[in-house]
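The following exercises concern a single protein and its ligand. Please examine the sequence and the structure before attempting each task, and then compare your reasoning with the worked solution.

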Amino acid sequence: ILWNFRCAEAAFAGCGLWNGREMAIELKKLTKRFGTLTAVDSVDLTVGDGEVLCLLGPSGCGKTTTLRMVAGLELASEGEVYLGGKNVSDQTARDRNVAMSFQFYALYPSLTVAENLAFPLYGEGLSKTEVDARVARISNTLQLSGILNRKPGQLAEGEKQRVAVGRSIIRDPTCFLFDEPLSRLDVQLREEMRGEIKLVLQDLSRPTVIVTHDQLEALTMADRIAVMRDGKIEQVDTPHNVFQRPKNLFVAGFIGTPQMNLLPATLTASNGASAEFAITGGQTIKIEVDPRISELSPGTKVTLGVRPRNLEISNEPTPDGISSTIDIVEPMGAETLAHLSDGQHDLRLVTDWRVPLNEGDKVHTRFLPGTTHIFTADEQVMRTP
Ligand code: ATP
């Protein structure tokens, strides 16, 4: 599969279909209403040439509708879509010349490999000679020349993938739009493909938007991730930043597996370098904080966020930790996931598999220095490490 994508890359670098136009996608206050439902709510977003942006969010948050508006398959209720600096909001899907694929896998079963490859070119007004030439060029480089007359049912999995990739890139579109492209693949194939897709798409030097609800897919493939909730974009940032510096409670809880621990607490004291919090349920914890914690006055309600891998088991209770009981132990191979309870909250802890953990035991867990996110009541992050 890795080889497939390298070939696709080479195919495109060599086939001279691009003409060097700048083709950024720009969405301005893009809104879509279905009756009383606002599916996409005033989205502003720019995707640069060669950039891969993943739209990530829970089911129903408006990812596909946003993509369909870029493609021209859905008209916006308000706002504009720009492609290459040109307002295309009133243009039809055909005039926008985008390449939208639903799955790399979806080949037409009744068509041959050659016909599948040529399919996106039908209706482009190209001569048969030009279509044949493009199919020949792509199939040569993707090593499909020997199987051009076969139908998908007669192909091995890897061959199907190569055809699907070839079909996705045979045109010269303004941008690439993919809706859950890997969702039908088995786990192993998906794992192999997602890292490579990014490389290929970047080299096609067109803006690319990938819709996915799979955060691992987004974290691996994207240059930037736009996290959506209820039609709005909550954060647009690099994969590193959405994980390490979530902008609000929603992003913090949505990105990361197992989920970040989120504990309601009250700030009781701070001295600029450290602060003490009373966690709902009675325990207190003293942790290092950013000096700007002084912007919050004692008594402020906050949520403390700490990732499961940033909790560390200690033998004794410590000021920077809390005590809880182990409810469930889940071995995950190299690591173990433990579900803990302090009587009020469920906490997730991930630790090395060698650390002995027994259900029912009492444990003390430290919050590792510099790893606690503090969210204020309006869900915005106060301080990240
Ligand atoms: P999923 O990951 O499940 O595909 P999504 O984030 O892509 O979800 P959309 O498909 O964009 O979400 O849908 C956003 C909201 O708009 C949903 O509540 C959906 O039910 C609604 N919706 C989408 N298309 C239509 C339509 N044609 N008519 C009415 N409501 C629609």
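## Exercise 1: Polar contacts of the ligand

An oxygen atom of the ligand lies 2.8 Å from an N or O atom in the side chain of Thr64. The model is a predicted one. Identify which residues surround the ligand and which elements give two or more residues to its shell.

**Solution.**

Step 1. List the surroundings. The shell is formed by Phe34, Leu37, Ala39, Pro58, Ser59, Gly60, Cys61, Gly62, Lys63, Thr64 and Thr65.

Step 2. Look for further polar contacts. The side chain of Thr65 has an N or O atom 2.5 Å from an oxygen atom of the ligand. For Cys61, a polar backbone atom is 3.1 Å from a ligand oxygen. Each pair counts as a polar contact because the cut-off is 3.5 Å.

Step 3. Consider the covering of the ligand. Taken alone, the ligand exposes 630 Å², and the protein buries 57% of that area.

Step 4. Assign the shell to elements. Strand S2 (37–47) and helix H2 are the elements that give two or more residues. The largest share, 3 residues, comes from H2.

Step 5. Classify the shell by residue type. It divides into 5 nonpolar, 5 polar and 1 charged.

## Exercise 2: The setting of helix H2

Determine why helix H2 is described as largely enclosed by the rest of the structure.

**Solution.**

Step 1. Locate the helix. H2 covers residues 63–71.

Step 2. Apply the criterion for burial, which is under 20% relative accessible area. The buried residues of H2 are Lys63, Thr65, Thr66, Leu67, Met69, Val70 and Ala71.

Step 3. Draw the conclusion. Because 7 of the 9 residues are buried, the helix is largely enclosed by the rest of the structure.

Step 4. Inspect the end of the helix. Just after H2, Gly72 adopts a positive phi of about 90°.

## Exercise 3: The setting of Ser341

Is Ser341 buried or exposed, and with which residues is it in contact beyond its neighbours within four places in sequence?

**Solution.**

Step 1. Place the residue. Ser341 belongs to strand S17, residues 335–341.

Step 2. Compare its area with the cut-off. Ser341 has a relative accessible area of 17%; buried means under 20%, so Ser341 is buried.

Step 3. Find its contacts. Apart from those neighbours, Ser341 is in contact with Ser324, Thr325, Asp327 and Asp346.

Step 4. Examine the side chain. A polar atom of the Ser341 side chain lies 3.1 Å from the backbone nitrogen of Gly343.

Note on methods
Residues are numbered from 1 along each chain as its sequence is written. This is a predicted model: local features need pLDDT of at least 70, side-chain atom pairs count only at pLDDT 80 or more; totals for chains, interfaces and linings use all residues. Side-chain values use heavy atoms; hydrogens and water are left out. Buried means under 20% relative accessible area, exposed over 50%, partly exposed in between (1.4 Å probe, protein chains only). Helices (H or I, at least four residues) and strands (E, at least two) are DSSP runs, numbered from the N terminus. A polar contact is a pair of N or O atoms within 3.5 Å; within protein, one must be able to donate a hydrogen and the other to accept it, and residues adjacent in sequence count only if both atoms are side-chain atoms. Contact means heavy atoms within 4.5 Å. A residue is near a molecule or strand if one of its heavy atoms lies within 4 Å of it. Accessible areas come from the Shrake-Rupley method with a 1.4 Å probe; for residues, only the protein chains shown count as cover. Ala, Val, Leu, Ile, Met, Phe, Trp, Tyr, Cys and Pro count as nonpolar, Asp, Glu, Lys and Arg as charged, and the others, Gly among them, as polar.
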